[in-house]
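Visitor: Could you take me through one part of this protein closely, strand by strand? I work with coordinates all day, so please keep to what the model itself shows.

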Amino acid sequence: MRRLQHVTAAVRLSSRAGELRTLGAATAAALIQLPNRRHSHSSSQSHAHSPKWRPVSVLDEWVAKEARPISLRQLMVFGRSLTESRLISSANYVRTELPTRIAHRIRDMQKLPYVVVTNKHFNEVYDLYYTAFDTFRKVREVKNLDDNDRLCATIRTMLNAHLTVIPKLAMGILECNGLKDAAELDKFMNTILRSRISRRVIAEQHLALTETFHAPWFSPGAKLSESDFIGEVFLRCVAKDVVSRCGDAVTSIARRAYGPDIALPEIKIVGHLEANFPYILSHLEYIIGELLRNSVQAVVEKHQKSKNKSAQPPPIEVTICESNQHVIIRISDQGGGIPRESMPYLWSFSKGPASKEILANLGQVPKMAATMQELQIDDINPESNKKIETLHQKYGHQSVQSLSAEEKEREDRAKYSSLASLSSRPPNLRLGMGLPLSRVYAEYWAGSLALHSLEGYGVDAFLQISKLGNKNEQLTTRATMDAV
């Protein structure tokens, strides 16, 4: 490591600095003959082994494979009549698909300029990815339930270890601003985040199916009812209910941030209030939660600057529109709109007028959860979770002790929610990535997210969702750059 630091320092001072800056990580590492040995003692405690920057044949073999995208409908059909053989098939799909998708992203990182991947945060993410790749590629074929349980234990370990990835990537992108074209950095960030979502979807879906299979109330082969989740897919996701729940969470956040006596805008929901569709609830909650949070903050802060602070601030209007193939959710506020100087950076992870402030804020968030099972909140309000709400509607507000084993198991699972990432973050801490990350989530299932700002008046946000569940996940099936 000391030798690498000396070489790096010398390169920066040499006339060839600009030339080396354009080299990929793998090529540059080979040029300086980076020793293949362990990090220092402190570093080896953090990770299982040092990053392998040089191209190796085993990585090439996995990069040559294409990822196999899936749709929500496939997830639902496969899990609706769950049997042991289907669970084993799911395990082997996950066992081979995870290292394939990780290998593609490792190769993308290897092709970044050397000065980018030597950034501390990128380096740590690379190390995490290589550790995960090396672990999953060595998992043998799953042949029985014991093999599956061991695979699930490995998956849980990796999911927890990778909770640090989003903030590390975001800090790395901001610190590398100027070392590579901002548009290329944003493209890389979108690709790697979309791939991250895809891996967590298939991993968490398998964990949920395994949990269902082992539940005392479950009978193998029995069809799940239409009001249930199939794994992580909620079959009847009612848009109005999600907006209402997220609105309650955002209102609570605002009161913590601005004080209990602050006047908050009413969130009005109009339109096709019965519109529903199959979806992964945590994805939709994250998007709606971030959009409502932005709107409430904007309206409150504009109202505080007004002359008549005692008056009620203007409401936030949410319109739900259902067509044959899509559901569109429009969120309209009167928070003054987006400043013109911020518009070019609205969807950027790498640049913006508040980059330094955002970088400092990200340092206060070592982990970031944005999916269903990444974070558990013990004090989450049960009424704010659709799973518990479904139970209460079906059985009434009875004591948890009176519920059957099936219902208790579902209620325990309901503690996991993407709202956790929204409500556990410090209320006034702005990270500058809510909008771009929300768009990644929206586009993942072939949807879209767009914003229209009227400076001085307010913002309209339009979220379009495919309601049929027949669209494949939108991900890069191969490495975005040629193999090294």
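Guide: Let's begin with the open sheet of five strands, whose order is β3-β5-β6-β8-β7 and whose pairing is mixed. At its edges stand β3 and β7, the latter spanning 448-454, and each has a single partner strand, so one side of each is left without a neighbour in the sheet. From one strand to the next, the twist averages 15°. Please keep in mind as we go that this is a predicted model.

Let's walk in from the β3 edge. Strand β3 covers residues 267-271 and runs parallel to β5, residues 316-322, with five bridges joining the two. If you want a place to put your cursor, Ile267 stands opposite Ile316 in β5. On the next step the sense changes: β5 and β6 (residues 326-333) are antiparallel, paired over six bridges. These two strands form a hairpin, with three residues between them. Two pairs are handy for checking the register here. Thr319 has Arg330 as its bridge partner in β6, and Cys321 stands opposite Ile328, again in β6.

As you follow the side chains along these strands, one rule of thumb may help: in a regular strand they alternate between the two faces of the sheet.

Now for the helices on this sheet. Helix α14, residues 281-304, lies across β3, β5, β6, β7 and β8 (458-466), and runs at about 20° to β6. Helix α19 (residues 434-444) packs on the sheet as well, where it touches β7 and β8, and its direction makes about 140° with that of β7.

There is also an open sheet of three strands, in the order β1-β2-β4 with antiparallel pairing. Its edges are β1 (229-230) and β4 (276-280); each has a single partner strand, so one side of each is left without a neighbour in the sheet. Between β1 and β2 (residues 233-238), which run antiparallel, there are two bridges. Phe229 has Phe234 as its bridge partner in β2, while Ile230 has Val233. The two strands form a hairpin with two residues between them, and in that hairpin Gly231 takes a positive phi near 65°, a spot you may like to find on your own Ramachandran plot.

On the other pairing of β2, four bridges link it to β4 in the antiparallel sense. Here Phe234 turns up again, this time with Tyr279 of β4 as its bridge partner. How enclosed is β2? Five of its six residues are buried, so the strand is largely enclosed by the rest of the structure. Helix α6, residues 72-80, lies across β1, β2 and β4 and runs at about 120° to β2.

Next, a single residue. Arg255 sits in helix α13, which covers residues 239-258. Its relative accessibility is 35%, which is why Arg255 counts as partly exposed. Leaving aside residues up to four places away in sequence, Arg255 touches Pro260, Ile262 and Leu264.

For a look at helix against helix, turn to α9 (residues 120-137) and α11 (residues 165-175). They pack at an angle of about 145°, and their axes are 8 Å apart. The crossing of α9 and α11 is left-handed. On the α9 side, the contact is made by His121, Phe122, Glu124, Val125, Leu128 and Tyr129. From α11 come Val165, Lys168, Leu169, Met171, Gly172, Ile173 and Glu175. By character, the residues of this contact divide into eight nonpolar, two polar and three charged.

Finally, let's step back to the chain that holds these pieces. Its secondary structure comes to 19 helices and eight strands. Of its 484 residues, 52% are buried. Among contacts with a separation of 6 or more, 83% are between residues 24 or more positions apart. The chain exposes about 21800 Å², and carbon and sulfur atoms supply 50% of that area.

Notes:
Residues numbered from 1 in each chain as written. Predicted model: local features only at pLDDT ≥ 70, side-chain atom pairs only at ≥ 80, totals over all residues. Heavy atoms only, no water. Pairing = 2+ DSSP bridges. Contact = heavy atoms within 4.5 Å. Axes fitted to C-alpha atoms, helices over the stretch in contact; angles between N-to-C directions. Buried < 20%, exposed > 50% of the residue type's maximum accessible area, 1.4 Å probe, protein only. Areas by Shrake-Rupley, 256 points an atom, 1.4 Å probe, with all protein chains shown as cover. Left-handed = near helix turned anticlockwise from the far one by under 90°. Nonpolar A, V, L, I, M, F, W, Y, C, P; charged D, E, K, R; others polar.
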